[in-house]
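I opened the model to look up its sheets, its salt bridges and a few buried polar side chains. My entries follow in the order I made them.

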Amino acid sequence: MPATSHSAWREQRARAVTAPTGNLALIETRWTGAKPDLAAERAASAATVTVTELKRTSLESGEIEHGLRRWDADSPAIHAFERIDTFEYDEAWVISGEFVPVSGERTVPFEHIRDNGSTRELVVPGDITVEIAGEQFTVAAFDDGGKLLLVFGDATNGSETYAPGRFLFVDRPAGDTGFVELDFNRAFVPPCGFSAQFNCPLPPASNRFPFPIRAGEKNVVFGDDFDIYTA
């Protein structure tokens with residue numbers, strides 16, 4: 001049953017975000033320029049902390065910039081976390097679409113939540129065309145580990161759901177062209193809703209629906225007046 005499967009997905013989400021390197025565990029993102037000394041960082045960290053490395057392209061110089069992340073399995077956010085509020089499962093929000101790939105590496109500028117209005121070019125392997133409420137939309141989803149990741153906004157943002165927008169994974173069609181399923185019941189709060197140390201992409205104009213999508217996750221709920229921006 002879809003509702004049973006949805007309950008299992010919600011349970012999996014709760015386990016994932018509270019894991020030792022889950023979204024709630026991220027306590028620091030630090031850009032070091034040169035490759036960081038991970039061995040030294042790990043030696044200086046508490047036993048509950050995991051240190052990983054990452055890299056990005058500098059918006060100023062265009063050069064590769066290295067950094068690190070510290071994840072704490074005993075973080076304040078994990079302790080304050082209560083639940084993720086969600087809408088009730090609604091089969092009406094399981095919608096068919098069509099994925100059409102594009103040749104080459106087409107990029108779309110995505111503004112990110114911590115980049116002060118600047119944009120980063122992300123490779124978009126194709127478009128998803130979908131009809132909702134009698135209106136046709138063409139949205140851009142980028143590749144995330146072999147799946148399509150749709151970053152979208154709708155009329156619930158800021159009132160009923162996470163203000164900057166939500167994410168949705170979409171399985172690519174077997175032949176790389178054709179039918180895809182958008183199950184908005186699995187729309188989820190992006191990592192930046194769990195830790196201010198993430199830099200999430202924001203929905204581009206093409207991915208903003210002018211009506212409410214009351215499906216999927218709403219917001220992260222913390223106890224004890226916890227605030228990810230002041231923790």
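**Entry 1: the three-stranded sheet.** Before reading off partners I noted the criterion: two strands count as paired if DSSP finds at least two bridges between them. I also noted that the model is a predicted one.

I looked up Gly-33 and found that Gly-33 stands opposite His-66 in S3. Strand S3 covers residues 64-72 and pairs with S1 in the antiparallel sense over six bridges. I then traced the sheet: three strands form an open sheet in the order S1-S3-S2, with antiparallel pairing. Its edge strands are S1 (26-33) and S2 (49-57), each of which pairs on one side only. Direction ignored, neighbouring strands of this sheet are turned by 25° against each other on average.

**Entry 2: the six-stranded sheet.** I went on to another open sheet, which has six strands in the order S11-S10-S9-S8-S5-S12 and antiparallel pairing. S11 and S12 (178-183) are the edge strands and pair on one side only. The average turn between neighbouring strands of this sheet is 40°, direction ignored.

Inside this sheet I checked one pair. S8 (residues 126-132) and S9 (residues 135-144) are joined in the antiparallel sense over seven bridges. I picked Ile-128 and read off Val-139 as its bridge partner in S9.

**Entry 3: Arg-166.** Is Arg-166 buried or exposed? I found a relative accessible area of 0%, so Arg-166 is buried. I placed Arg-166 in strand S11, which spans residues 166-170. Where does the side chain of Arg-166 reach a backbone oxygen? I found the backbone oxygen of Glu-217 at 2.9 Å from the Arg-166 side chain. I also took a distance to Ala-16: the two residues are 150 apart in sequence, and their C-alpha atoms are 17 Å apart in space.

**Entry 4: Glu-217.** The contact above led me to Glu-217, which is found in strand S13 (residues 217-222). Glu-217 is buried as well, because its relative accessible area is 2% and the cut-off for buried is under 20%. The side chain of Glu-217 makes a polar contact of 2.8 Å with the side chain of Arg-13. I listed what Glu-217 touches beyond four places in sequence, and the list includes Trp-9, Arg-13, Ile-84, Asp-85, Thr-161, Arg-166 and Phe-188.

**Entry 5: Thr-161.** Thr-161 came from that list, so I looked it up next. Thr-161 sits in the loop between S10 and S11. Thr-161 is buried, with a relative accessible area of 2%. Which side chains does the Thr-161 side chain meet in polar contacts? I found Thr-156 at 2.7 Å and Asn-157 at 2.9 Å. Apart from neighbours within four places in sequence, Thr-161 is in contact with Phe-87, Thr-156, Arg-166, Glu-217, Lys-218 and Asn-219. I noted that Arg-166 and Glu-217, from the two previous entries, are both among the contacts of Thr-161.

**Entry 6: salt bridges.** How many salt bridges does a search of the whole structure find? I got 13, and I looked at several of them in turn.

- Glu-65 and Arg-56 form a salt bridge, with the closest N and O atoms 3.1 Å apart. Glu-65 is buried at 18% relative accessible area, whereas Arg-56 is partly exposed at 25%.
- Arg-83 and Asp-85 meet through their side chains in a salt bridge of 2.8 Å, N to O. Arg-83 is partly exposed at 41% relative accessible area, and Asp-85 is partly exposed at 27%.
- Asp-171 and Lys-147 form a salt bridge, with the closest N and O atoms 3.3 Å apart. Asp-171 is in the loop between S11 and S12 and Lys-147 is in strand S10 (residues 147-152), so the pair ties together parts that are 24 residues apart in sequence. Both ends are partly exposed: Asp-171 has a relative accessible area of 48% and Lys-147 has 38%.

I closed the salt-bridge entry with a network that links Glu-28, Arg-30, Glu-41 and Arg-70.

Technical notes:
Residues numbered from 1 in each chain as written. Predicted model: local features only at pLDDT ≥ 70, side-chain atom pairs only at ≥ 80, totals over all residues. Heavy atoms only, no water. Helix = DSSP H or I, 4+ residues; strand = E, 2+ residues; numbered from the N terminus. Buried < 20%, exposed > 50% of the residue type's maximum accessible area, 1.4 Å probe, protein only. Polar contact = N/O pair within 3.5 Å; in protein donor to acceptor, adjacent residues only side chain to side chain. Axes fitted to C-alpha atoms, helices over the stretch in contact; angles between N-to-C directions. Contact = heavy atoms within 4.5 Å. Salt bridge = Lys/Arg side-chain N within 4 Å of Asp/Glu carboxyl O.
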